[in-house]
Amino acid sequence: MVGPERPQIVLFGSSIVQFCFSEQGWGSILANLYSRRADIVLRGYAGWTSRLALQALTHIFPKDAAVQPSLVVVYFGGNDSVQENPSDVGARVPLPEFIDNMKKIGLHLKSLSERTRVIFLSPPSINEVQINEHFGIVFSGRTNENCRIYSEACLNLCKEIDVKCVDLWTALQRKDDWLTTCFIDGVHLSAVGSKIVAQEILKVLKEADWEPCLYWKSLPIEYVEYDLPASGGAKAADWNISEDW
């Protein structure tokens, strides 16, 4: 392991996680903000459902690991919610099973250590017209209404098991032109959509009553004592970070 040891933030999920470092993605935003503060670790698997995630869970997050993550951000549900159709054989996970899978995932992650925190991202809204134009029948069976149902189930589960949750289905739709700006293909996020995701995650981290606080500005900067003095009191570690964050 490369030292010094930093807090580890793991992003775990399906394609919205796997692709979160492209298109000015939310993963790259977090990695930039947490530079010299925490390590962002990507565990994204395009096409996965909560069923597949549960099967691999103990391999990805073993309880006997020498170092456990400080935070795990989890996203599954979009693929689970797909209606049965020939092009998505095996993708759909019925709602009761999705809830049970996510409950087991959340409880396992919380048990990794006393200081491991968990944030679930609920299934976001989608643009059905854009999906049809981009993918045709390949992605048929995906509806915004099903995403809403699975999103609400995720939110209710998180209240039950005391896990923080970002309501992405609602968050994206707060933007007036969300249908035309938040996606690159109707499902996967554009830079605009990713910025919303990053903002919502950071809001949770800033407001959470966690010790230690995992909000990026609250974490110490590694080797800050070696930095050259900057004008206006700015920290050299944050020169490339805009005031948006």
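Two exercises with worked solutions follow, on a helix pair and on a sheet in a predicted model. Residues are numbered from 1 along each chain as its sequence is written, and local features need pLDDT of at least 70.

**Exercise 1.** Determine how the axes of helix H4 and helix H6 are oriented to each other.

*Solution.* Begin with the elements, which are DSSP runs numbered from the N terminus (helices H or I, at least four residues; strands E, at least two). The axes of H4 (residues 95-110) and H6 (residues 144-161) come within 10 Å and cross at roughly 40 degrees, where axes are lines fitted to C-alpha atoms, for helices over the stretch in contact, and angles run from 0 to 180 degrees between N-to-C directions. H4 and H6 are therefore oblique to each other, since angles under 35 degrees count as roughly parallel, over 145 as roughly antiparallel, 65 to 115 as roughly perpendicular and the rest as oblique. Next come the residues: the contact (heavy atoms within 4.5 Å) includes Phe 98, Met 102 and Leu 107 of H4 together with Tyr 150, Ala 153 and Leu 157 of H6.

**Exercise 2.** Work out the strand order of the open sheet and place helices H2 and H4 on the sheet.

*Solution.* The five strands pair in parallel in the order E2-E1-E3-E4-E5, pairing being assigned if DSSP finds at least two bridges between two strands. At the edges lie E2 (39-44) and E5 (164-166), each of which pairs on one side only. Within the sheet, five bridges join E3 (residues 71-75) to E4 (residues 117-121), and Val 72 has Val 118 of E4 as its bridge partner. Helix H2 (residues 26-33) packs on the sheet and touches E1 (8-13), E2, E3 and E4, its direction making about 175 degrees with that of E1. Helix H4 also packs on the sheet, where H4 touches E3 and E4 and its direction makes about 155 degrees with that of E4.

Key: This is a predicted model: local features need pLDDT of at least 70, side-chain atom pairs count only at pLDDT 80 or more; totals for chains, interfaces and linings use all residues. Side-chain values use heavy atoms; hydrogens and water are left out.
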